[in-house]
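Visitor: I am new to this structure. Could you walk me through it, one question at a time?

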There are 2 protein chains.
Amino acid sequence: MAVRMKDIADDLGVSLMTVSKALRGHIDISDDTRQRILRRARELKYQPNWIARSLATRRTFIVGLVIPDLMHSFFAEVANGLTKELAPFGYQIVLANSDENAETEQRELDLVLARNVDGLVLASAQHDWRRGIPRCLKNTSTPFVLIDRMPAVTNVNYVGTCDEDLGTLATEHLMSQGCTRIAHIRGPDNPNGVRRLQGFQSALKKHGLKTSSQYVVEGGTKDGGGYRAMQELLALNVPPDGVFCYNDPVAAGAIKAVLESGRSIPGDIAIIGAGNVHYSDLLRVPLSTIDQGAAQIGETAARILVECMGAKTPPPPKCVLIPPRLVVRDSSRRDHEV
Amino acid sequence: MAVRMKDIADDLGVSLMTVSKALRGHIDISDDTRQRILRRARELKYQPNWIARSLATRRTFIVGLVIPDLMHSFFAEVANGLTKELAPFGYQIVLANSDENAETEQRELDLVLARNVDGLVLASAQHDWRRGIPRCLKNTSTPFVLIDRMPAVTNVNYVGTCDEDLGTLATEHLMSQGCTRIAHIRGPDNPNGVRRLQGFQSALKKHGLKTSSQYVVEGGTKDGGGYRAMQELLALNVPPDGVFCYNDPVAAGAIKAVLESGRSIPGDIAIIGAGNVHYSDLLRVPLSTIDQGAAQIGETAARILVECMGAKTPPPPKCVLIPPRLVVRDSSRRDHEV
DNA sequence: CTGAAAGCGCTAACAG
DNA sequence: CTGTTAGCGCTTTCAG
């Protein structure tokens, strides 16, 4: 059994309370007593019992993080930013994986909330995202921050990339490289996929390029889907000369398809992805991409949460959009640009 | 305030105990009473308070995971395997990042243990790994499993790849592809780096190839280090015709150096890495590698932990070595092999 | 089958 | 400055 405050108290012939106060640096303890207590605690390697402390104080110093996929480097980066920013405040993270499944997410959310976490960060995998936020969050007083998947409602904390800007930025970059027939391999029917598509379309419109429905194909979220989608595009009578892909894995798949068809990148077809995945730089063709600022998202969510958790009355909800950042590499850099 | 058992009890005019028992499925409750209680609990959306339960039962159903770097896909995969395997038993994960730093690790370990986790998984970043295990683990009764970084002592649970076999497997593969001047870009001075080097050396010895100290260069753990190390090798009078790199990022850097020098892969120089990182397949040259079975490591650690956490007397320590698996891609596949 | 009593280890509020 | 009293919400033990 671990050593308790009571052990130290009995040992030193003082009361439990005195120990408790001394250990937490209250001022109303004589210097002498405090020293004795601290020394004895050190000797005994006393470690406070957080469970008991939490029950009494109603604070756990734990933040829940519920994400669809840890293996996705975007979320790993978010998790990293979150832990780094939270650690100095003494918070730790309970991790839960929703596996991109709405029911699992619901279950994990309930579990995490039952643990009385002080705060919650959620990248929601809800299918019916147009509906609103998970019901268990509606009635909770636990502060939470939604990330990445923008909710339909606006009265909650949200941090993410501005996906519409992302789509526009990527598309306009392809234009700047001289592309005139620009296609989009689109992602799933969730906020990110839809908004990136919208950004793509509005960029085309803005610059007077015509949209062809043939130039928007579904490619999922993985390289296999990108590969197949690109093959569809290549089979068209007039294939595109620039493709904005939903994300980097999809773009990697697309690159494979283009190279296999004997075409060159970026000469025949320029490619740009999104996410700035770890190894984008080392791909067959170094991949141009839009950086979503994953670490920044984690850090920002952490800061919002810290503020909420520290306040007695909840501050007004914040919506922070991290501006996407263009990263140009070989896959889209055409010679006439420096 | 959340609803408590007492609320249900008062509501139904029964005692708190009856509610507690009914909710946990004890048999000594009449079917009728149980039904009423369960229904009311559902209506009120009762969620048990895990903090209070933990204090009473001394079980938290939390497992600590302390790793050096979440961004490393190896650890992300381990974390994934761990959560997946643990979830059905009701365990959740508290994540702590040691940042590859011994002191941070110590601090995080203390914190995690103070949370009364039921079990612990640790990939230790201790510098003096030859010394043994972190002292705070010596005296704890919390079951723990060490992973990836093999400790010097053997009386603890350990799950990892057999790094010596890994080195041998990679080296012998290069031989099978006709390489005769095989170099090793070695990793850090930790169990993994040292053992992979040993595997490399023993393979050379076994097959009667001579070892040259020039053919072993330090390359760290990232692509930058691999790039520089490869340049050193290329500057030799007689450069190698096959290189076993400590890990995939290092190999990716090495590939870059080789291609920049105008040489071909695998024609002039065959390359193999280790780790089977997510995008190895999509690199400039698809990278041959040794898969360490990261997910398997996480799952195995989970299973060992579950057994320990369920037992009243601790089972004898287990040491599980996951056999490394060769994954041949273009970077090492020479024509004379199919 | 049901419930009263005691306690898990700590802290908040107040009294000496 | 120090200590007492009363919980936090739940479970364990044992008596009805």
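Visitor: How many residues does chain B give to the contact with chain A?

Guide: This is a predicted model. The contact has two sides, and chain A supplies 34 residues. From chain B the contact takes 34 residues.

Visitor: Which element of chain B gives the largest share of the side that touches chain A?

Guide: Elements that each supply at least two residues include helix 4 and helix 5 (73-86) of chain B. Strand 2 (92-97) and helix 6 (102-114) of chain B do so too. The largest share is six residues, and they come from strand 2 of chain B.

Visitor: How many nonpolar residues are on that side of chain B?

Guide: Sort the side of chain B that touches chain A by class. Five residues are charged and nine are polar. The nonpolar residues number 20.

Visitor: Now the DNA. Which element gives the largest share of the surface near DNA strand C?

Guide: There are 25 residues around DNA strand C, and A:Arg4, A:Ala52, A:Ala56, B:Thr18 and B:Asp28 come nearest. In chain A, helix 1 (5-12), helix 2 (16-23) and helix 4 (50-57) give two or more residues each. In chain B, helix 2 (16-23) and helix 4 (50-57) do so. The largest share, five residues, belongs to helix 4 of chain A.

Visitor: How many charged residues does the surface near DNA strand C have?

Guide: Take the classes in turn. The surface near DNA strand C has 13 nonpolar residues and seven polar ones. The charged residues number five.

Visitor: How are helix 8 and helix 9 of chain B oriented to each other?

Guide: Helix 8 (residues 163-176) and helix 9 (residues 191-206) of chain B have axes 7 Å apart. Their packing angle is about 45 degrees. Angles under 35 degrees would count as roughly parallel, and 65 to 115 as roughly perpendicular. Helix 8 and helix 9 of chain B are therefore oblique.

Visitor: Is the crossing of these helices left-handed or right-handed?

Guide: The two helices are helix 8 and helix 9 of chain B. Their contact includes B:Leu166 of helix 8 and B:Phe200 of helix 9. Where helix 8 of chain B passes helix 9 of chain B, the crossing is right-handed.

Visitor: How far apart do the C-alpha centres of domain 2 and domain 3 of chain A lie?

Guide: In the domain assignment of chain A, domain 2 covers 58-160 + 294-321, and domain 3 covers 163-292. Their contact takes six residues from domain 2 of chain A and seven from domain 3 of chain A. The C-alpha centres of these two domains of chain A are apart by 30 Å.

Definitions and conventions. Residues are numbered from 1 along each chain as its sequence is written. Chains are lettered from A and ligands numbered from 1 in the order in which they are written. This is a predicted model: local features need pLDDT of at least 70, side-chain atom pairs count only at pLDDT 80 or more; totals for chains, interfaces and linings use all residues. Domain bounds come from an automatic or database domain assignment. A residue is near a molecule or strand if its C-beta atom, placed from the backbone, lies within 6 Å of it. Helices (H or I, at least four residues) and strands (E, at least two) are DSSP runs, numbered from the N terminus. Ala, Val, Leu, Ile, Met, Phe, Trp, Tyr, Cys and Pro count as nonpolar, Asp, Glu, Lys and Arg as charged, and the others, Gly among them, as polar. Axes are lines fitted to C-alpha atoms, for helices over the stretch in contact, and angles run from 0 to 180 degrees between N-to-C directions. Angles under 35 degrees count as roughly parallel, over 145 as roughly antiparallel, 65 to 115 as roughly perpendicular and the rest as oblique. A crossing is left-handed if the near helix is turned anticlockwise from the far one by less than a right angle, and right-handed if clockwise.
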